[in-house]
Amino acid sequence: MKYMEIRDLIEAELKNYSSNQMIPSERYLALKFDCSRETVRKAYEQLRAEDKIFKRQNLGWFVSNKKIQYYPNSIENFRSYMKVQGFNAKTELISTRQLERFDHSDLFSEENRKLGFIEIIRLRYADDVPVLLEYNYLPVALFPDVLNYDVITSVQDVIKNHFHYDYTSSQLKIKNTGVSHFESQHLGIPLSQTATYIERISKSDDLVIEYDIEIWSQDKIEMTLDIQA
């Protein structure tokens with residue numbers, strides 16, 4: 001059988017599964033359809049390209065959930081916009097550490113670079129599926145005891161409520177990128193799969209207060225931009 005025939009047979013079966021539910025393995029379907037695993041894999045890759053299924057590294061293939069709508073011009077935090085869209089949001093703290101500098105530390109004023117930076121790495125989930133790996137960098141000079149607060153749920157809320165800095169503007173850079181072994185492991189996506197990379201520089205008035213990088217599983221989000229004339 002050709003892989004597109006296999007693809008059609010698999011698609012017909014997807015209605016029997018729920019979102020995020022695991023579907024049969026490549027080996028099982030190769031035996032069922034009397035074809036090679038490579039043929040099944042090509043059929044699965046075709047369905048992934050159509051956003052009908054997704055793959056989690058070392059686990060298998062799953063039925064796709066609805067897409068997360070990502071609004072680049074919004075300053076809502078992860079928990080808030082996930083709740084509005086009907087997702088159950090969860091965050092796992094991967095690590096924190098203090099650095100003398102990092103690749104983009106020159107974005108901050110000389111005064112705010114003197115004491116170094118706090119790096120916070122968190123893994124974000126939607127309906128128990130890992131969708132986002134986030135790196136936050138904060139200057140110690142502005143936020144000396146930031147780790148004493150709940151940075152797991154929302155760094156933004158901590159900065160606003162405890163340090164009294166408002167987020168007044170952000171500059172974003174968005175591109176597709178490959179993933180590192182670290183990112184592949186935590187997001188559960190193959191090294192061969194691209195991700196959506198979002199770099200954000202946040203300011204309070206003219207002062208740079210935060211730099212963060214978001215690595216999204218590419219098949220989990222859609223960009224939505226509202227433009228008014």
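**E26 and the two largest pockets**

E26 lies in helix 2, which spans residues 26–33. The model is predicted. E26 counts as buried because its relative accessibility is 7%, and buried means under 20%. The side chain of E26 makes a polar contact with the side chain of W61, at 3.0 Å. Leaving aside residues up to four places away in sequence, E26 touches R37, V40, R41, Y44, K55 and W61.

E26 also helps to line a pocket. The second largest pocket holds about 170 Å³ of space. Its lining has 14 residues, and those nearest the centre are S25, E26, R37, G60 and W61. Two or more lining residues come from each of helix 2, helix 3 (37–49), strand 1 (53–56) and strand 2 (60–63). By class, the lining of this second largest pocket has six charged, five nonpolar and three polar residues.

The largest pocket contains about 340 Å³ of space. It is lined by 24 residues, with E76, N77, Q156, R200 and E214 closest to its centre. Several elements each give at least two residues to this lining. The helices are helix 4 (78–84) and helix 6 (155–162). The strands are strand 3 (68–70), strand 5 (117–126), strand 6 (129–139), strand 8 (195–204) and strand 9 (207–217). The lining of the largest pocket is split by class into eight charged, eight polar and eight nonpolar residues.

Conventions
Residues numbered from 1 in each chain as written. Predicted model: local features only at pLDDT ≥ 70, side-chain atom pairs only at ≥ 80, totals over all residues. Heavy atoms only, no water. Helix = DSSP H or I, 4+ residues; strand = E, 2+ residues; numbered from the N terminus. Buried < 20%, exposed > 50% of the residue type's maximum accessible area, 1.4 Å probe, protein only. Polar contact = N/O pair within 3.5 Å; in protein donor to acceptor, adjacent residues only side chain to side chain. Contact = heavy atoms within 4.5 Å. 1 Å grid on protein atoms, 1.4 Å probe; cavity = no way out; pocket = protein on both sides within 12 Å on 5 of 7 lines; lining within 4 Å. Points joined across faces, edges and corners; volume = space filled by probe spheres on them. Nonpolar A, V, L, I, M, F, W, Y, C, P; charged D, E, K, R; others polar.
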